[in-house]
Amino acid sequence: EMPVTPPSTAVPGAIPRILYGEKLPGHDGVLYPYPLSIINRPLDWLLTAAGHSPLANPFVTFPVPIHNATMFAGSDWGQKVNAAIVALPTTGGVVDARGLTGSQVLSGDLSITKPGATLLAGPTTLTMGGFRIRVSSAAHGFQLIGNNPLSANQAVGSTGGTFFLHNTGTVNPIEIGDGAALLYGVKLYGFAIHCTGAPDDIGVVGLWLKRLSHCIVEAVYIPCGTTKLNQTCLRVDGAGGATTYVTLIGLLLNGGGKSLHLTGSGVNAANAIVVVGGSLTPGGGAGTGKAVVIDADGNGNFLLGTGVSGAATGIDLSGNAKNNYFNCRFEANTVDAVFAAGSTDNWVQGSGLTNVTDSDGSNTVLKQTASGMYTFGRDITASGGFRENVEGYFQDNPPAGQAATEATRSIGRWVAPYPGSITAIIAELG
């Protein structure tokens with residue numbers, strides 16, 4: 001907390017209504033020149049500043065410490081914000097950096113280790129300079145809130161947006177969690193991380209979430225280079241301990257070799273990650289990039305209403321990835337989904353779904369056509385077991401020639417659509 005000195009000459013009057021961001025009245029009606037930043041400031045100081053007699057030293061206490069970063073020492077955004085964070089108590093508080101606007105600089109790593117810390121970023125373009133923002137596993141409840149969600153899909157420096165510009169070096173500009181222990185309760189909202197000017201290196205991950213639980217990321221835009229296929233927009237990493245119950249809402253992930261990478265293995269996988277809406281468009285056109293990659297043992301992940309477009313592979317499941325669900329919008333992908341050997345019991349459906357590779361034939365694919373819907377992979381029988389490659393039209397009396405037409409568009413090991421009516425299918429399955 002920066003020292004604040006009351007005005008030398010006070011004007012008697014009513015006790016001012018004290019709200020964060022307001023200023024105390026000073027001499028000749030001029031507003032007191034310092035932003036209000038008082039934590040446990042004696043009330044007699046306030047009364048004296050307003051021209052009243054002091055009381056017996058009661059205290060004004062705010063429920064959460066709030067530090068205005070503009071009032072702290074430092075020659076750039078990073079130094080001022082760091083000083084304000086250091087000055088927070090061990091229980092955390094709010095650092096308001098919304099007054100640091102326009103072109104700003106990060107001249108060293110910014111580390112957040114205190115629980116309960118919230119960082120408010122304003123309309124600014126922060127050039128990272130090869131440094132990063134790092135949140136340790138001890139900083140439970142950390143929040144990074146940008147100026148507004150319109151930072152998404154805006155060019156760098158657009159009015160009103162919060163932009164983190166990764167312009168050099170092979171580090172990850174924002175790392176949430178360090179893998180040492182589970183980090184709980186993080187919220188990230190309303191900003192952009194631009195990696196288009198960073199090197200084409202596997203070390204460049206726009207946003208890296210490491211060993212998190214019960215976290216939310218919303219309205220974040222991460223563009224990587226369209227030809228920089230070693231870059232990754234967003235990685236959710238369970239290394240060191242499973243990452244679970246992370247919700248990603250309305251994200252725009254463009255460019256790079258991978259848009260969304262869920263990684264980790266065994267019990268230390270990325271599990272129960274929920275993606276709602278948003279758009280995933282990797283770089284390299286339809287010949288190279290992958291929109292969603294789930295490594296090894298990732299399971300129970302859920303994508304709903306997410307756009308998957310312009311990829312060589314829309315969804316790539318490898319190893320033992322199981323029980324993942326995808327209901328997406330597919331467009332202009334070379335292959336919409338690939339299930340590698342050992343990847344089983346996954347479910348994929350959505351508009352535009354045309355091309356799927358299922359190595360084991362043990363996943364469920366629902367494809368809607370103009371004449372009906374059919375499935376690939378496994379289906380449930382009346383006995384509760386699985387029947388592989390059962391495919392049937394959910395309509396009465398498919399038109400003549402329909403089976404032959406669809407057979408030429410099969411995916412995996414084909415069993416021709418059931419020639420009978422829906423009632424016959426129900427009768428067979430009990």
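**View 1. The backbone oxygen of Ser343 sits 2.9 Å from a polar atom of the Asn363 side chain.** The model is predicted: local features need pLDDT of at least 70 and side-chain atom pairs pLDDT 80 or more, while totals for chains, interfaces and linings use all residues. Numbering runs from 1 along each chain as its sequence is written, and side-chain values use heavy atoms, with hydrogens and water left out. The Asn363 side chain has another backbone partner: the nitrogen of Asn346 lies 2.9 Å from one of its polar atoms. Both are polar contacts (N or O pairs within 3.5 Å; within protein, one atom must be able to donate a hydrogen and the other to accept it, and residues adjacent in sequence count only if both atoms are side-chain atoms). Asn363 belongs to the loop between β29 (356–358) and β30 (364–368). Its relative accessible area is 0%, which means that Asn363 counts as buried (under 20%; exposed is over 50%, partly exposed in between; 1.4 Å probe, protein chains only).

**View 2. Helix α2 spans residues 77–86 and has a buried set of residues.** Helices (H or I, at least four residues) and strands (E, at least two) are DSSP runs, numbered from the N terminus. What's tucked away here? Trp77, Gly78, Lys80, Val81, Ala84 and Ile85 are the buried residues of α2. They all fall on the same side of α2, because they cover an arc of only 165° around the axis, taken from the directions from the helix axis to the C-beta atoms. Their cover includes β3 (66–68), β4 (93–97), β5 (102–105), β6 (110–112), β7 (117–121) and β8 (124–127). At the start of α2, Asp76 puts a side-chain oxygen within 3.0 Å of the backbone nitrogen of Gly78.

**View 3. Phe302 and Tyr325 make a stacked aromatic pair.** A search of the whole structure turns up three aromatic pairs (Phe, Tyr and six-membered Trp rings with centres within 6.5 Å; planes under 30 degrees apart are stacked, over 60 edge-to-face, the rest tilted). In the Phe302–Tyr325 pair, the ring centres are 4.9 Å apart, with 15° between the planes. The two residues are 23 apart along the chain, with Phe302 in β24 (302–309) and Tyr325 in β26 (325–331). Phe302 is partly exposed at 31% relative accessibility, and Tyr325 is partly exposed too, at 22%. Trp347 joins Phe302 and Tyr325 in one aromatic cluster.

**View 4. Gly277 lies in the loop between β21 (270–276) and β22 (279–281).** Which residues does Gly277 touch, leaving aside its neighbours within four places in sequence? The list is Gly250, Leu304, Gly305 and Thr306, where contact means heavy atoms within 4.5 Å. The C-alpha of Cys328 is 8.6 Å from that of Gly277, though the two are 51 residues apart along the chain. Cys328 is buried, at 3% relative accessible area.

**View 5. Cys195 has its closest cysteine sulfur in Cys224.** The gap is 4.5 Å, and that is too far for a bond. Cys195 is buried, with 0% relative accessible area. The disulfide count comes to zero, with the cut-off for a pair of cysteine sulfurs set at within 2.5 Å.

**View 6. Zooming out, the protein chain contains four helices and 33 strands.** Of its 430 residues, 48% count as buried. Among contacts with a separation of 6 or more, 63% come from residues 24 or more positions apart. The accessible surface is about 17500 Å² (Shrake-Rupley method, 1.4 Å probe; for residues, only the protein chains shown count as cover), and 58% of it belongs to carbon and sulfur atoms.
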